[in-house]
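Here are a few exercises to work through with the model open beside you. Try each one yourself before you read the solution.

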Amino acid sequence: MPNSKQTLITDTVIQIFRTNGQLLHWGDGLTGQFDLTSARWQMLGALIFSGHPMTAPQMANSMGVTRQGALKQLNLLEAESLVEKHPNPMNKRSPLYRLTDEGEARYHQIQNRWYTHLEDIEHAFSATDLHTTLMVLEKLKDLHETPPG
């Protein structure tokens, strides 16, 4: 029988799953106005945040998705001319992806809408609440880096 702390951890993890699903659904609505999805926005963001070309596995790792999932989105972004593939001198089988000018412009359009949304919701949180949330999420992530075996 779980104790109260274990129940709170379980409830927190369940809420993270629910929140993730809701944020992806909401993000699809935001990005749909720009002919993208949350998943593709995430890949564009990985490239923006890194500041340099990345491989699909690097992007997957940085955004917490599978390599196959990242590659699927990158192929779609490449077909839309939002990213381009380049040879990787370190690994011939894993190309480097970089944003095109159009990809960067599209990302910034979405970010501008995101910042407008932030202005609408920031009053709902205290800085202390947000710092605590980030600390708890980071600890949960760290405690689950290795799958059970």
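**Exercise 1.** How many aromatic pairs does the structure hold?

*Solution.* This is a predicted model, and the structure holds two aromatic pairs. Start with Trp 26 and Trp 114: their ring centres are 5.8 Å apart, and the planes meet at 70°. Planes over 60 degrees apart count as edge-to-face, and that is how this pair is classed. Now go to Trp 41 and Trp 114, with 6.2 Å between the ring centres and 65° between the planes, so this pair is edge-to-face too.

**Exercise 2.** Which parts of the chain does each pair tie together?

*Solution.* Take Trp 26 and Trp 114 again. Trp 26 sits in helix 1 (residues 4–32) and Trp 114 in helix 5, so their pair links parts that lie 88 residues apart in sequence. Next, Trp 41 and Trp 114: Trp 41 belongs to helix 2 and Trp 114 to helix 5, so here the parts tied together are 73 residues apart in sequence. Put the pieces together, and Trp 26, Trp 41 and Trp 114 make up one aromatic cluster.

**Exercise 3.** Sort the three cluster members: is each one buried, partly exposed or exposed?

*Solution.* You need the cut-offs for this: buried means under 20% relative accessible area, and exposed means over 50%. Trp 41 has 15%, so it counts as buried. Trp 26 comes in at 32%, which makes it partly exposed. Trp 114, at 23%, is partly exposed as well.

**Exercise 4.** Find Gln 42 and work out what it is in contact with, leaving aside neighbours within four places in sequence.

*Solution.* First, locate it: Gln 42 is in helix 2 (residues 38–50). Its relative accessibility is 25%, so Gln 42 is partly exposed. Then look for partners beyond those sequence neighbours, and you'll find Met 63 and Val 65. Zoom in on Met 63: the side chain of Gln 42 reaches the backbone oxygen of Met 63 at 3.3 Å. For a contrast, try Met 135, which is 93 residues from Gln 42 along the chain; the two C-alpha atoms are separated by 22 Å.

**Exercise 5.** Which elements have the lowest and the highest mean pLDDT?

*Solution.* Begin with the whole protein: its mean pLDDT is 94, and 100% of the residues reach 70 or more. Then go element by element. Helix 3 (residues 56–63) has the lowest mean, 93, while helix 5 (residues 101–121) has the highest, 97. You've already met helix 5, as Trp 114 lies there.

Definitions and conventions
Residues are numbered from 1 along each chain as its sequence is written. This is a predicted model: local features need pLDDT of at least 70, side-chain atom pairs count only at pLDDT 80 or more; totals for chains, interfaces and linings use all residues. Side-chain values use heavy atoms; hydrogens and water are left out. pLDDT is the predictor's confidence in each residue, from 0 to 100. Helices (H or I, at least four residues) and strands (E, at least two) are DSSP runs, numbered from the N terminus. Buried means under 20% relative accessible area, exposed over 50%, partly exposed in between (1.4 Å probe, protein chains only). Contact means heavy atoms within 4.5 Å. A polar contact is a pair of N or O atoms within 3.5 Å; within protein, one must be able to donate a hydrogen and the other to accept it, and residues adjacent in sequence count only if both atoms are side-chain atoms. Rings of Phe, Tyr and Trp (its six-membered ring) pair if their centres lie within 6.5 Å; planes under 30 degrees apart count as stacked, over 60 as edge-to-face and the rest as tilted.
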